[in-house]
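Q: I'd like a close look at one part of this model, the aromatic pairing, with enough of the surroundings to place it. What does a search of the whole structure find in the way of aromatic pairs?

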Amino acid sequence: WVTSKVWMTDYHPRDIPAAVDRILRELGLDYIDQVLLHWPVAYGKPPAGCPPDCPERFAGTDDPMRPRGRDGLIVNDDIPLSDTWQALEEQKAAGKVRS
């Protein structure tokens, strides 16, 4: 039984397929039994190249997995978890996730 988590910067529905594929590739599996959302809050996703070249919204980011504003606070995103969940259901329908 293999369980993994999707990181908070990957909660946008368009990012879920790549996140699941990355998990499968890193674990060397064709499917995983269970995927969890790491935390019930979505983080903003910094653009490629940030850091060091970050737009103002992510001006304090030193790690793209923990996006920060100039004030040092985490940058959250307003992505409904129901949308993220639906994208995970699509991964289940594709046979990449069992539950």
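A: Let's settle one term before going in: helices here are DSSP runs of H or I with at least four residues, strands are E runs of at least two, and both are numbered from the N terminus. Counted that way, the protein chain has two helices and two strands, and along the sequence they come in the order β-α-β-α. Keep in mind that this is a predicted model. The mean pLDDT of the chain is 96, with 100% of its residues at 70 or more. Going element by element, β2 has the lowest mean (96) and α1 the highest (98).

Now for the rings. The search turns up one aromatic pair in the whole structure. It is made by W7 and Y43: the ring centres are 6.5 Å apart and the planes stand at 90 degrees, so this is an edge-to-face pair. As for where the partners come from, W7 sits in the loop between β1 (3-6) and α1 (16-27), while Y43 belongs to the loop between β2 (34-37) and α2 (81-93), so the pair ties together parts 36 residues apart in sequence. Both partners are buried, the cut-off being under 20% relative accessible area: W7 comes out at 17% and Y43 at 14%.

H12 is another residue to check around here, since its place is also in the loop between β1 and α1. From C-alpha to C-alpha, H12 and Y43 are 9.3 Å apart in space, with their positions 31 residues apart in sequence. Unlike the two ring partners, H12 is partly exposed, because its relative accessibility is 26%.

Stepping back into β1, look at S4, which lies in that strand. S4 is buried, with a relative accessible area of 17%. Beyond its neighbours within four places in sequence, its contacts are I23, I32, Q34, V35 and L36. V6 has its own list, again leaving out residues up to four places away: Y11, I16, A19, I23, V35, L36, L37, H38 and L88.

V6 also turns up in the largest nonpolar core. That core has 17 residues, and the ones touching the most other members are V6, I16, V20, I32, V35 and L88. α1 and α2 each put in at least two residues, with α1 giving the most, five in number.

There is one more ring worth a glance, this time with a charge over it. R98 lies over the face of Y31, at 3.6 Å from the ring centre.

To finish, here is the whole chain as a backdrop. Of its 99 residues, 32% count as buried, W7 and Y43 among them. Of the contacts with a separation of 6 or more, 61% are between residues 24 or more positions apart. The C-alpha atoms fill a box of roughly 40 × 25 × 20 Å along the principal axes. The accessible surface comes to about 6,100 Å², and carbon and sulfur atoms account for 52% of it.

Technical notes: Residues are numbered from 1 along each chain as its sequence is written. This is a predicted model: local features need pLDDT of at least 70, side-chain atom pairs count only at pLDDT 80 or more; totals for chains, interfaces and linings use all residues. Side-chain values use heavy atoms; hydrogens and water are left out. Rings of Phe, Tyr and Trp (its six-membered ring) pair if their centres lie within 6.5 Å; planes under 30 degrees apart count as stacked, over 60 as edge-to-face and the rest as tilted. Buried means under 20% relative accessible area, exposed over 50%, partly exposed in between (1.4 Å probe, protein chains only). A charge sits over a ring if NZ of Lys or CZ of Arg is within 6 Å of the ring centre and within 35 degrees of the ring normal. Contact means heavy atoms within 4.5 Å. A nonpolar core is a set of buried Ala, Val, Leu, Ile, Met, Phe, Trp, Tyr and Cys residues joined through side-chain atoms within 4.5 Å. pLDDT is the predictor's confidence in each residue, from 0 to 100. Accessible areas come from the Shrake-Rupley method with a 1.4 Å probe; for residues, only the protein chains shown count as cover.
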